[in-house]
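Let's take a walk through this structure, one neighbourhood at a time. Keep the 3D view open as you read.

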Amino acid sequence: MVMGMQDGACHDCIISLALVPEEDEDSYSYFIRVLLKNETINQVLQYPEVVVITDRSKGLIGAISNCLPSAHHRYCAMHLLGNIPRPAFSEQQRQEFFRIVRS
């Protein structure tokens with residue numbers, strides 16, 4: 001599991017990494033609880049307008065709901081797009097999809 005953020009210049013920054021036996025709700029909940037012990041990360045994750053973007057893992061959905069109840073949980077556009085078979089989505093449609101996502 002990896003927890004990352006973007007800095008002011010939109011560069012990805014890895015905050016934490018964990019090796020766990022399974023990517024399930026218990027492991028994700030443990031990971032989030034450990035992160036919340038860090039004062040700075042706790043302040044960021046408890047901010048009322050924080051948005052958490054994930055890959056739709058069922059374990060993450062429950063863990064975020066339980067551990068970060070005020071967070072706005074959204075799904076990664078790249079992972080959503082990856083669920084659509086490649087030939088069914090033209091390059092123009094793909095560009096339009098990301099234009100909509102950015103808006």
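Start at Phe98, in what is a predicted model. Phe98 has a relative accessible area of 15%, so it falls under the 20% cut-off and counts as buried. Phe98 also has an aromatic partner, Phe97. A pair of aromatic rings is described by the distance of the centres and the angle of the planes. Here the centres are 5.1 Å apart and the planes sit at 80°. That angle is over 60 degrees, so the pair is edge-to-face. If you go looking for others, the count by this rule comes to one aromatic pair.

Now move over to helix α3, which runs over residues 58-67. Which of its residues are buried? They are Gly59, Leu60, Gly62, Ala63, Ile64 and Cys67. And what covers them? The cover includes two helices, α1 (25-36) and α2 (39-46), along with the strands β3 (51-54) and β4 (72-75).

Ile64 of that buried set turns up again in the largest nonpolar core, which has 17 residues. Together with Ile32, Leu45 and Leu68, Ile64 touches the most other members. The elements giving two or more residues to this core are α1, α2 and α3, and the largest share, five residues, comes from α1. Zoom in on Ile32 to see some of the packing: leaving aside residues up to four places away in sequence, Ile32 touches Ala63, Ile64, Cys67 and Leu68.

Cys67 and Leu68 have another neighbour in common, Gln46, which you'll find in helix α2. Is Gln46 buried or exposed, or something in between? Its relative accessibility is 35%, so Gln46 lands in the partly exposed class, between the 20% and 50% limits. With residues up to four places away in sequence left out, Gln46 touches Leu36, Cys67, Leu68 and Ser70. Gln46 and Cys67 are 21 residues apart along the chain, and their C-alpha atoms are separated by 9.8 Å.

Finally, swing round to strand β4, one of the elements covering α3, and pick out His73, which is found in this strand. Its side chain makes a polar contact of 2.7 Å with the side chain of Thr54. Setting aside residues up to four places away in sequence, His73 touches Val52 and Thr54, and also Leu60, Ile61 and Ile64. That last name brings you back to the core, where Ile64 is among the residues that touch the most other members.

Conventions. Residues numbered from 1 in each chain as written. Predicted model: local features only at pLDDT ≥ 70, side-chain atom pairs only at ≥ 80, totals over all residues. Heavy atoms only, no water. Phe/Tyr/Trp six-rings, centres within 6.5 Å; stacked < 30°, edge-to-face > 60°. Buried < 20%, exposed > 50% of the residue type's maximum accessible area, 1.4 Å probe, protein only. Helix = DSSP H or I, 4+ residues; strand = E, 2+ residues; numbered from the N terminus. Contact = heavy atoms within 4.5 Å. Core = buried A, V, L, I, M, F, W, Y, C linked by side-chain atoms within 4.5 Å. Polar contact = N/O pair within 3.5 Å; in protein donor to acceptor, adjacent residues only side chain to side chain.
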